[in-house]
Structure formats: structure tokens, C-alpha cells
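Student: I've just loaded this one and would like to work through it piece by piece. Can we have it on screen?

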Amino acid sequence: MPYIALIAFLVYTVACYIWGGHFPFYKFELYAGAGNRDKAAVPVFFCDGNEAHIWEYERFKGIDPEQFLAHRMPTSVTWMVEEAAQWVRDHQDGTVETGPHEVSFGFRVLSIRDDGTIAEEIKILERGRAWKLS
Amino acid sequence: MEAVLIGRGIFGICLGLSWLNSMTHILQSQEMIYTRGMQRKVWAHPAWKRLIPVTIPFALSCYLFSVGRYEVQAGLVIIGAIFWIRRWEISLWHKNIVVRLGKYSPSGTCLIAYLAGYAIAPHFGLDPQSTGVEVACGGLASAWFLSGWKKIEYSGWNWMGKRTQGLLLAERAYIGNPLFKAIRRELVQHPLALRTIGFLGVFVEMAGIIFCFPEYRMAYAVIINLLLLGTIVLLGYYEPEWMLIIIALALM
């Protein structure tokens, strides 16, 4: 009975265009827009000048997580940026003390050279202070 | 008949995986689960008090659906539970991230499609179970087609080009398993390989309509599983539910 499956195929396709984003209909976008880029970017975090894991730090001050995605960097790993922003949002410092570490968040901006090797450039977006997670 | 039973069993496992996925994201909502992976400190989480009482009837319903007993009632309980846990999961993350990042529940979607087919079949003098399977297959076929079509809709044919594929791999040359990172970094230097990856990915996805035809279902399911294995290596996405649900429906 392939005609039943074909009808369901058409109905679900149209329904996803109308109600995509509301379960059980989806947008299926994911990284579909990533084809219009000439550069790529991955988030990067530094502590005292050295690359570090953001989850090893807390009580951030001076870093605005709402700016992490606001700069519209050409990244297709948005989930990493969203998570990093969520981490900083959940670990803000409400005290008057200032953390001992100088931290910064930015992106490693990537392009591909003619010989196929990856060229990278670090672009820092936010700078602040933080404490090492106890 | 045995294939159908195995297929239904796998369908039940897929529903369980969907549940487990949402449950994990609830228990790890304070962690960086996507970037960092699972963390162990979940046992003291207060969410267990709500999760356990719902997980037990959910698991029972999955079992009943798998063995074909009370399948409509069991199916409705499962859908209600998946809807509930997704709402909870979405509420814990900032600004609708769960939806925006494209987190799907393919087996939940297939179950809704199955039950819709099951419900309308008697009105047309059709067998409810086989009609349900056909409707679910049509829905899953559409999901795969749309995954490919959206890439063309948003990026045009550029999607299949060496630059797009190279940049996707370049980003992931900094993330995840060291062996996979090395493979991605190496592949970036081979334009033909990049074009082949881009073309095959979109072609296989857009060929989803093939899954509407019963005689080609298992072959397409195997190809999709190969594609998803490639996705693990090249992009680092693990999608066991997507891998199994297509096998389940092909067997049913």
C-alpha cells in the first residue's frame, strides 16, 4: 500500500512547513544555512591567557553571556555557544569581590587555505574575571 | 511475522531512548552536556521524585505497545508522557534552546503517525496495524526528505560544495574524539572527498521518499544507518534513535 505512505509523506511535509517547531512537527533546519559561509567559527575560552574549559570556572564578572551569540559569528556549533552562555548565566558573581583570574570568551575563526590546510584567527568578544570552580 | 515482532520490539526500545534522552537532559540541565558529555552527579537530583513515578507506567506502556496489547491506550500514554517530558525539558533551558537546536523525537513522531493511521483505517476498510505502519513510514520518509531539502532551500547547491563541507569539518576538527578530529582535519585537504560527502549526504536524505515503498525499506534503512555512522565520525553526532527507528519500521 505505498499510496498510504505517500499520502502521509505529503501531509507530514506540508504540516512541518506550517507547524514546524511544535512536536511532532519539526523545522529540520539544524545547520541547513551553513552553506553560505566563507568562514567558520568555534567558541574558545581563555583563562590568564591560556586556553581553558569554561566549566572549570564560576562567579563570572564582566562577561555578558547574552553577547555570545549576538555577534553572529559564522558558527554551526551553536549548541556549544548556547551551553557556554548558559553556564556563565548560571554562574554569575553577585558579590563585590572580583575573581583572581582574567578570563575571556571568543571564537576561533576558521577558513580553508588553497592547499586545504585550516587557517585560524582568534577573536575575543568578552573579557572579565572569574574564580576557579571549587 | 517474527520480523514484525522484532520491529515492534525495536520500536519500543526507540521510545525508551527518546524518554532517556529527555530524562538525561533534565537531570543534566545544570551541566554542559552537549559540550562536555554526561556527568556523574545525577543521583541526588530532585527531578527523580517526579521522573520515577512517570517512568514506570511509561516503560510498561512501551512494553504493551511492543507486544501489541492495548496498543492504542499504551500508545496514547506514551505520547502524553513524551509530550510532558519534552515540555519539562524545554522549560529548563534558556530561550527555547531545545527546540532551536533541533532536538527531535523521531520515535514519538512515528508513534503519533502510527496511531493516526490505526484510527482512520477502519473508516476505509483497511487493516489498522498495517495502515499505521504505512503512515509512520510516510512520516519518517518525509523527515529524511526534509532534512536534505532544507539544506538546498537554505543554502542552495553550495551545500554540497567543498567549501561548505570543509568548514563543517574544520569546526569539528577542534571538538571530540582525537581520532575523529584527525580524520576531519585530514579530509579537509581533499576536495573530491568533501564534494562526495556533501553530495552523498544530501542525495541520501532527499531520497527519503524511497522509504514509502515497502520493497526498498530495508535497503534504505541500511543506507541511512551507514550515513549516520559517517555522521558520528565526521560531525560527532550520535543518533541511536534515528538509527533504530528506521530499522524498526522497515521490519514492521
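**Strands, helices and the A-B contact**

Student: In the hairpin of strand 4 and strand 5 of chain A, which residue takes a positive phi?

Tutor: Strands here are DSSP runs of E, at least two residues long, and helices are runs of H or I, at least four, all numbered from the N terminus. The hairpin has five residues between its strands. The one with a positive phi, near 90°, is A:Gly116.

Student: How should I read the numbering, and what kind of model is this?

Tutor: Residues count from 1 along each chain as written, while chains are lettered from A and ligands numbered from 1 in the order written. Local features need pLDDT of at least 70, side-chain atom pairs count only at pLDDT 80 or more, and totals for chains, interfaces and linings use all residues, as this is a predicted model.

Student: Which element of chain A has the highest mean pLDDT?

Tutor: pLDDT is the predictor's confidence in each residue, on a scale from 0 to 100. Chain A averages 88, with 99% of its residues at 70 or more. Among its elements, helix 2 (residues 78-90) is lowest at 88. The top value, 94, goes to strand 1 (residues 40-47) of chain A.

Student: How many bridges pair strand 4 with strand 5 in chain A?

Tutor: For two strands to pair, DSSP must find at least two bridges between them. Strand 4 covers residues 101-112 of chain A, and its A:Arg108 stands opposite A:Ile122 in strand 5. The two strands run antiparallel, and the count of bridges is twelve.

Student: On strand 5 of chain A, what is the bridge partner of A:Lys61?

Tutor: Strand 3 (residues 57-61) pairs with strand 5 (residues 118-132) of chain A. That pairing is antiparallel and has three bridges. Opposite A:Lys61 sits A:Arg129.

Student: What is the strand order of the sheet in chain A?

Tutor: Strand 2 (50-51) and strand 3 of chain A are the edges, each pairing on one side only. Strand 1 joins strand 4 through eight bridges, antiparallel again, with A:Phe45 opposite A:Phe105. Put together, this is an open sheet of five strands with antiparallel pairing, in the order 2-1-4-5-3.

Student: Which helix of chain B packs on that sheet?

Tutor: The helix in question touches strand 1, strand 4 and strand 5 of chain A. Its direction makes about 150° with that of strand 4 (axes are lines fitted to C-alpha atoms, for helices over the stretch in contact; angles run from 0 to 180 degrees between N-to-C directions). This is helix 8 of chain B.

Student: Which helix of chain B gives the most to the side that touches chain A?

Tutor: Contact means C-beta atoms, placed from the backbone, within 7 Å. By that rule, 55 residues of chain B touch 47 of chain A. Six helices of chain B, namely 2, 4, 5, 6, 7 and 8, each supply at least two residues to that side. With 16 residues, the top contributor is helix 7 of chain B.

Student: At roughly what angle does helix 7 of chain B cross helix 1 of chain A?

Tutor: Helix 1 of chain A spans residues 2-19. Its axis comes within 7 Å of that of helix 7 of chain B. Residues in the contact include A:Phe9 and A:Tyr12 on one helix, and B:Phe145 and B:Leu146 on the other. The axes cross at roughly 45°.

Conventions:
Two residues are in contact if their C-beta atoms, placed from the backbone, lie within 7 Å.
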